[in-house]
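Work through the exercises below with the model open. Each task is followed by a stepwise solution.

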Amino acid sequence: MELFGRNDLCWCKSGLKYKKCHLAFDQKIESYRRRGCIVPTRSIIKTPEQIEKIRESAKINIAVLDYISSHIKEGIATEQIDQWVYDITTQAGGIPAPLHFEGYPKSVCTSVNNQVCHGIPSPEVILRDGDIVNVDVSTNYQGYFSDSSRMFLIGNVSPEKKKLVEVTKECVSLGLAQVKPWGFLGDMAQAVHDHAAKNGYSVVREIGGHGIGLAFHEDPWVGYVAKRGTEMLMVPGMIFTIEPMINMGREGIFVDSENDWTVYTEDHSPSAQWEIQVLVTETGHEVLCY
Ligand code: MF3
Ligand code: CO
């Protein structure tokens, strides 16, 4: 971290002198670093102004998912969901963050049953009775990013798949409960992993969450196979996603070789994912979107 003079204005743009603002905070982080902990760089820590803009982006993301939630039903094509996402996001003044992201062709990811993530909406994929589907929405609003996803049950879903969806949601809640300043991302990861394992499920290792706010994907990478007390230190002003992918069967996955995007379970078992975007606050956390 660059050095600020004690009497210089603080880097957080509060208008206060550094010694009256973030000096003690920076020193505390530095003491963790000297003990060998992974600590966030300053670019990961958002200022109050940035947080306010990211909150506005997140409100659009929530509104889009709320709309999908009240309109998704058996018989629609995932292409229809893509249309809704594009229309609602742009009407609100945002841009769907997935669109053209690293060549991704659509505005949203729709992952059905044994698709783990990055399912591409298509007129050919029709939601059928008994399907479970993840809709993963991400918004760029004036250069500020938000990202969350929910699972939807289509018609009569088997008790086994329903349980997978519910337990995955519980995994996110239990992980979230671990999010507080001066804890570690591993505290969150272990809570997620333990609950999935206790229910006989496996956790996808290779794909995880991420820092977010000024870009779609920022440091740190956020995995769910890590132990308490490991991984990055959480400090106020950090924003990241919790988005575990939980498989009913084995943890193995593969990427569709036709489109290079869609991820499937190797054993064809169903997979579920919920995603929230969370801010670490002085006292705990705030969920920005869900
Ligand atoms: N929304 C996904 C995430 O949670 C990222 C999708 S990248 C895309 O990180 F290009 F497929 F949209
Ligand atoms: Co994400």
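**Exercise 1. Check the span of helix H4 in this predicted model.**

Step 1. Helix H4 covers residues 159-176, which is 18 residues.
Step 2. At 1.5 Å a residue, H4 should span 26 Å.
Step 3. The end C-alpha atoms of H4 are 26 Å apart, so expectation and model agree.

**Exercise 2. List the buried residues of H4.**

Step 1. Apply the cut-off: buried means under 20% relative accessible area.
Step 2. The residues of H4 that pass are Lys161, Leu164, Val165, Val167, Thr168, Cys171, Val172, Gly175 and Leu176.

**Exercise 3. Describe helix H1: its span, its buried residues and what follows it.**

Step 1. H1 has 12 residues. From first C-alpha to last it reaches 16 Å, close to the 16 Å expected at 1.5 Å a residue.
Step 2. Leu23, Phe25, Asp26, Ile29 and Tyr32 are buried in H1.
Step 3. Gly36 follows H1, and its phi is positive, near 95°.

**Exercise 4. Place the Arg34 and Glu30 salt bridge on H1, and find the network around it.**

Step 1. The Arg34 and Glu30 side chains meet at 3.7 Å, N to O.
Step 2. The two residues are four apart in helix H1, which means about one helical turn separates them.
Step 3. Arg34 is exposed, at 62% relative accessible area. Glu30 is partly exposed, at 27%.
Step 4. A network of salt bridges links Glu30, Arg33 and Arg34.

**Exercise 5. Treat the Arg55 and Glu52 pair likewise.**

Step 1. Their side chains form a salt bridge of 2.7 Å, N to O.
Step 2. Both residues lie in helix H2 (residues 48-71), three residues apart, about one turn of the helix.
Step 3. Arg55 is partly exposed at 24% relative accessible area. Glu52 is partly exposed at 35%.

**Exercise 6. Which parts does the salt bridge of Glu251 and Arg205 tie together?**

Step 1. The closest N and O atoms of Glu251 and Arg205 are 3.0 Å apart.
Step 2. Glu251 lies in the loop between strand S10 (245-247) and strand S11 (253-255). Arg205 lies in the loop between strand S6 (202-203) and strand S7 (209-211).
Step 3. The pair therefore ties together parts that are 46 residues apart in sequence.
Step 4. Glu251 is partly exposed at 34% relative accessibility, and Arg205 is partly exposed at 44%.
Step 5. The whole structure has 10 salt bridges.

**Exercise 7. Which residues form a positive surface patch, and where is Lys17?**

Step 1. Arg6, Lys17, Lys19 and Lys20 form the patch.
Step 2. Lys17 sits in the segment before helix H1 (23-34).
Step 3. Lys17 has 41% relative accessibility, so it counts as partly exposed.

Note on methods
Residues numbered from 1 in each chain as written. Chains lettered and ligands numbered in written order. Predicted model: local features only at pLDDT ≥ 70, side-chain atom pairs only at ≥ 80, totals over all residues. Heavy atoms only, no water. Expected span 1.5 Å × (residues − 1). Buried < 20%, exposed > 50% of the residue type's maximum accessible area, 1.4 Å probe, protein only. Patch = residues over 30% accessible without salt bridge, like charges linked within 9 Å, V, L, I, M, F, W, Y side chains within 5 Å. Areas by Shrake-Rupley, 256 points an atom, 1.4 Å probe, with all protein chains shown as cover. Salt bridge = Lys/Arg side-chain N within 4 Å of Asp/Glu carboxyl O. Lys, Arg positive; Asp, Glu negative; His and termini not counted. Charge placed at Lys NZ, Arg CZ, Asp CG, Glu CD.
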